[in-house]
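Work through the exercises below with the sequence and the coordinates open beside you. Each task is followed by a solution that proceeds step by step.

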Amino acid sequence: MIYSKIVGTGSCLPEKVVTNEDLAMRMDTSDEWIRARTGIRQRHIADVSQTSSDLAVPASLQALAAAGMAPAEVDLIIVATSTPDHVFPSTACLLQARLGIKGCPAFDIQAVCTGFVYGLAVADKFIRSGQHKSALVVGAEVFSRILDWNDRSTAVLFGDGAGAVVLRADSRPGVMASALHADGSHADILSVPGNICRGGIAGSPFLQMDGQAVFKFAVKVLNGVAREALEQCALTTRDIDWLIPHQANVRIIDATAKRLGIDASKLVVTVDRHGNTSAASIPLALDLAVRDGRIQPGQRVMLIGVGGGVTWGAALVEI
Ligand code: UT7
């Protein structure tokens with residue numbers, strides 16, 4: 001039996017840190033409101049010249065170094081992003097060129113904040129098919145580009161960054177289970193409803209969100225999809241060593257852990273420092289907890305995401 005295993009992780013955050021106090025100086029908000037409603041203290045914001053692929057390159061190189069692999073050994077590249085460098089070519093193709101890799105398939109996945117879980121599940125299936133021996137899966141975002149910085153209800157929530165993992169074929173699992181879902185009938189609760197049209201932008205280029213609707217939906221589906229992945233392996237929440245939910249709001253994270261009956265000590269939380277980095281949030285948190293020694297080889301980690309689309313998904317991985 002062929003499985004895929006995470007053999008390296010990496011991440012990259014832009015240098016510039018923007019605190020809640022910084023935001024309170026430019027819009028009608030406060031550190032107290034942002035912390036109380038979201039748990040966010042600060043976020044990293046990319047320079048105007050920095051793109052998603054600029055963040056994806058160092059994150060990928062770090063993951064490859066951790067895996068002890070040269071870029072040329074990668075035979076599949078998937079980038080999850082809603083803030084690609086261009087309409088096309090894909091950010092995955094741009095990343096491929098910048099890593100000096102030629103020939104392997106490279107494509108983007110657009111599942112917003114669930115994008116990394118989607119990418120991991122897809123890469124796992126490619127590797128299990130026996131046709132690919134390794135994969136680089138990246139979540140990379142510059143959400144600061146699609147925020148209306150005059151809209152306090154969304155501008156305070158997001159940040160920029162990238163996280164990456166290298167998967168390799170292995171006789172032991174690895175990615176133990178995954179479950180992916182979408183329901184496009186809720187597309188309007190979280191969207192950037194614009195497109196490039198005849199040299200301009202048709203619709204809006206800014207993120208729009210019904211925060212409360214997204215909040216309720218997230219808490220409902222994250223619990224269910226985590227249990228669905230566990231059922232695939234006949235495991236229970238007691239078998240999880242670490243829970244890494246999408247980092248959107250500490251209240252969503254805490255409510256999800258509570259519904260799953262998972263102790264707060266098993267949660268990896270980065271939203272306080274990173275804000276919501278969409279598809280990058282889960283691999284960023286994973287890399288942080290691997291590098292600081294919390295996540296140890298042999299441990300089981302549940303990754304759960306929810307985002308625009310709406311999309312939601314889970315991947316249970318043994319490190
Ligand atoms: O990645 C997935 C995407 N996003 C999410 O998962 C986000 C999900 N939703 C949330 O996290 C929360 O709904 C928010 C953090 C967005 C909002 O928290 P809330 O507790 O649902 O607040 P609210 O939208 O009900 O707003 C409460 C009040 C309103 O004022 P009034 O109408 O009560 O006078 C807002 O105008 O807070 C006001 N408000 C703010 N005040 C200060 C909204 N944004 C701000 C702000 N600073 N930044």
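**Exercise 1.** Identify which polar atoms of the protein lie opposite nitrogen and oxygen atoms of the ligand, and state how much of the ligand the protein covers.

*Solution.* Step one is the side chain of Gln212, where an N or O atom is 2.5 Å from an oxygen atom of the ligand in this predicted model. Step two turns to Trp33, whose side chain places a polar atom 3.1 Å from an oxygen atom of the ligand. Step three concerns the backbone: a polar backbone atom of Arg152 lies 2.9 Å from a nitrogen atom of the ligand. With the cut-off for a polar contact set at 3.5 Å between N or O atoms, the pair at Gln212 qualifies at 2.5 Å, the pair at Trp33 at 3.1 Å, and the pair at Arg152 at 2.9 Å. As the last step, take the accessible area of the ligand on its own, 950 Å², of which the protein covers 73%.

**Exercise 2.** Describe the shell around the ligand by residue, by class and by helix.

*Solution.* Begin with the count: the ligand is surrounded by 22 residues, and the closest are Thr29, Gln212, His246, Asn249 and Asn276. Sorting the shell by class then gives ten nonpolar residues, eight polar ones and four charged ones. Next, assign residues to helices, which shows that at least two residues of the shell come from each of α2 (31-38), α6 (152-155), α7 (211-232) and α8 (250-260). Among the contributions, that of α7 is the largest share, with four residues.

**Exercise 3.** Explain why the ligand is said to lie between the two domains, and characterise the interface that these domains form.

*Solution.* First, divide the protein chain into domain 1 (3-171) and domain 2 (176-318). The ligand lies between them because both domains give residues to the shell around it. The C-alpha centres of the two domains are 14 Å apart, and contacts link 50 residues of domain 1 with 45 residues of domain 2. In terms of area, the two domains bury about 3,600 Å² between them, with 63% of it on carbon and sulfur atoms. On the side of domain 1, Cys113, Val117 and Tyr118 supply 17% of the area buried against domain 2, which is more than any other three residues.

**Exercise 4.** Locate the backbone features at Pro89, Val310 and Arg198.

*Solution.* Start with the peptide bond from Phe88 to Pro89, which is cis with omega near 0°; Pro89 belongs to the loop between β4 (77-80) and α4 (91-98). Then examine the peptide bond from Gly309 to Val310, also cis, with omega near -5°, where Val310 sits in the loop between β14 (300-307) and β15 (311-318). Finally, Arg198 has a positive phi of about 50° although it is not a glycine, and its place is in the loop that joins β10 (194-197) and β11 (200-203).

Methods
Residues numbered from 1 in each chain as written. Predicted model: local features only at pLDDT ≥ 70, side-chain atom pairs only at ≥ 80, totals over all residues. Heavy atoms only, no water. Near = heavy atom within 4 Å. Polar contact = N/O pair within 3.5 Å; in protein donor to acceptor, adjacent residues only side chain to side chain. Areas by Shrake-Rupley, 256 points an atom, 1.4 Å probe, with all protein chains shown as cover. Nonpolar A, V, L, I, M, F, W, Y, C, P; charged D, E, K, R; others polar. Domains from an automatic or database assignment. Contact = heavy atoms within 4.5 Å. Buried area = accessible area lost by both parts, 1.4 Å probe.
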